[in-house]
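Me: Got a minute to walk through a model with me? I'd like to go over the strands, the helix packing and a few odd residues.

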Amino acid sequence: SFQDNEDEEIPPLGYAIAQLHGIFILAQNAHGLVVVDMHAAHERITYEYMKGAMSDDGIKTQPLLVPVALAVSEGEADCAEEHKQTLEQLGLTLERIGPESISIRQVPVILKSADVEQLVRDVLSDFLEHGSSDRIESHRDEILSTMACHGSVRANRHLTIPEMNALLRDMERTERSGQCNHGRPTWTQMSLSDLDKLFLRGK
């Protein structure tokens with residue numbers, strides 16, 4: 001329900017009008033067109049949420065109905081065992097069930113639709129790369145970034161208009177959501193005058 005002062009009613013990133021190639025959200029705001037990289041934006045939101053949760057009361061986890069057994073190298077199994085507590089702080093409960101196998105029992109709620117096997121493999125590979133516990137602690141944000149990657153909307157997923165709008169509102173509430181975890185922009189603005197120039201209007 002727009003009032004006369006329409007501009008004040010429109011949120012900064014506007015309202016979604018379409019999705020392009022399953023990658024971009026097109027939205028209309030007070031200034032013109034907003035183009036959002038859906039995957040990058042969602043990844044950033046997930047990352048900031050997990051980072052915040054870790055500082056507050058921990059990452060909410062959810063037990064898997066059926067634990068997933070995973071064949072890994074002995075080094076990875078040692079790593080899962082050695083860093084069990086740190087992994088639990090990240091919302092991953094892993095149990096060693098053999099020399100080269102682990103069982104995934106709990107995952108962060110926010111990542112429940114992720115491919116948990118790949119998620120765990122990537123996190124263990126980060127852990128192995130950083131080595132000791134204090135090094136892992138100092139690379140925690142990188143590890144959270146790896147995890148967030150798995151939680152984000154995969155490219156080519158069709159979103160409904162309400163889902164796109166929910167993502168835009170989440171972006172507005174999320175700190176630093178203008179950049180993805182790799183430092184690239186998550187959205188760009190094209191004003192009506194930028195668009196006019198493309199079509200040589202007003203010349």
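Reply: Sure. One definition before we start: two strands pair if DSSP finds at least two bridges between them. Also keep in mind that this is a predicted model.

Me: Fine. In β6, which residue is the bridge partner of R96?

Reply: R96 is bridged to I102 in β6.

Me: And how many bridges join β5 to β6?

Reply: Five, with β5 (residues 93-98) and β6 running antiparallel. The two strands make a hairpin that has two residues between them.

Me: What about β4 and β6, parallel or antiparallel?

Reply: Antiparallel: β4 (residues 61-71) pairs with β6 (residues 101-108) over seven bridges. As an example, Q62 sits opposite V107 in β6.

Me: Switching to the four-stranded sheet, what's the strand order?

Reply: The order is β1-β2-β3-β7, in an open sheet with antiparallel pairing. β1 and β7 (187-191) are the edge strands, each pairing on one side only. From one strand to the next, the twist averages 25 degrees.

Me: How many bridges join β2 to β3 there?

Reply: Six, and β2 and β3 (residues 32-37) run antiparallel. F24 stands opposite D37 in β3.

Me: Which strands does α2 lie across?

Reply: Helix α2 (residues 38-55) lies across β1, β2 and β3, at about 70 degrees to β3. Helix α8 (residues 161-173) packs on the sheet as well, where it touches β1, β2, β3 and β7. The direction of α8 makes about 115 degrees with that of β1.

Me: OK, helices on helices. At what angle do α2 and α7 pack?

Reply: About 130 degrees, and the axes of α2 and α7 (residues 140-151) are 8 Å apart. That angle makes α2 oblique to α7, because angles over 145 would count as roughly antiparallel and 65 to 115 as roughly perpendicular.

Me: Left-handed or right-handed crossing?

Reply: Right-handed, as α2 passes α7. On the α2 side the contact includes H39, H42, Y47 and M50, and on the α7 side R140, L144, M147 and C149 are among the residues involved.

Me: How many of the contact residues are nonpolar, polar and charged?

Reply: For the contact of α2 with α7, the split is seven nonpolar, five polar and four charged.

Me: New topic: where does L13 lie?

Reply: L13 is in the loop between α1 (6-9) and β1.

Me: Buried or exposed?

Reply: L13 counts as buried, because its relative accessibility is 4% and the cut-off for buried is under 20%.

Me: What is L13 in contact with, beyond its neighbours within four places in sequence?

Reply: A27, N29, V34, L168, R169, M171, E172 and W187. D37 is 24 residues away from L13 along the chain, and their C-alpha atoms are separated by 13 Å.

Me: Last thing, the backbone. What's the phi of H21?

Reply: About 50 degrees, so a positive phi although H21 is not a glycine. Most residues other than glycine have a negative phi. H21 lies in the loop between β1 (15-20) and β2 (24-29), and at 65% relative accessibility H21 counts as exposed.

Me: And L200, where is that one?

Reply: L200 is in the segment after α9 (192-198). L200 has a positive phi too, about 55 degrees, and is not a glycine. With a relative accessible area of 59%, L200 is exposed.

Definitions and conventions
Residues are numbered from 1 along each chain as its sequence is written. This is a predicted model: local features need pLDDT of at least 70, side-chain atom pairs count only at pLDDT 80 or more; totals for chains, interfaces and linings use all residues. Side-chain values use heavy atoms; hydrogens and water are left out. Buried means under 20% relative accessible area, exposed over 50%, partly exposed in between (1.4 Å probe, protein chains only). Axes are lines fitted to C-alpha atoms, for helices over the stretch in contact, and angles run from 0 to 180 degrees between N-to-C directions. Contact means heavy atoms within 4.5 Å. Angles under 35 degrees count as roughly parallel, over 145 as roughly antiparallel, 65 to 115 as roughly perpendicular and the rest as oblique. A crossing is left-handed if the near helix is turned anticlockwise from the far one by less than a right angle, and right-handed if clockwise. Ala, Val, Leu, Ile, Met, Phe, Trp, Tyr, Cys and Pro count as nonpolar, Asp, Glu, Lys and Arg as charged, and the others, Gly among them, as polar.
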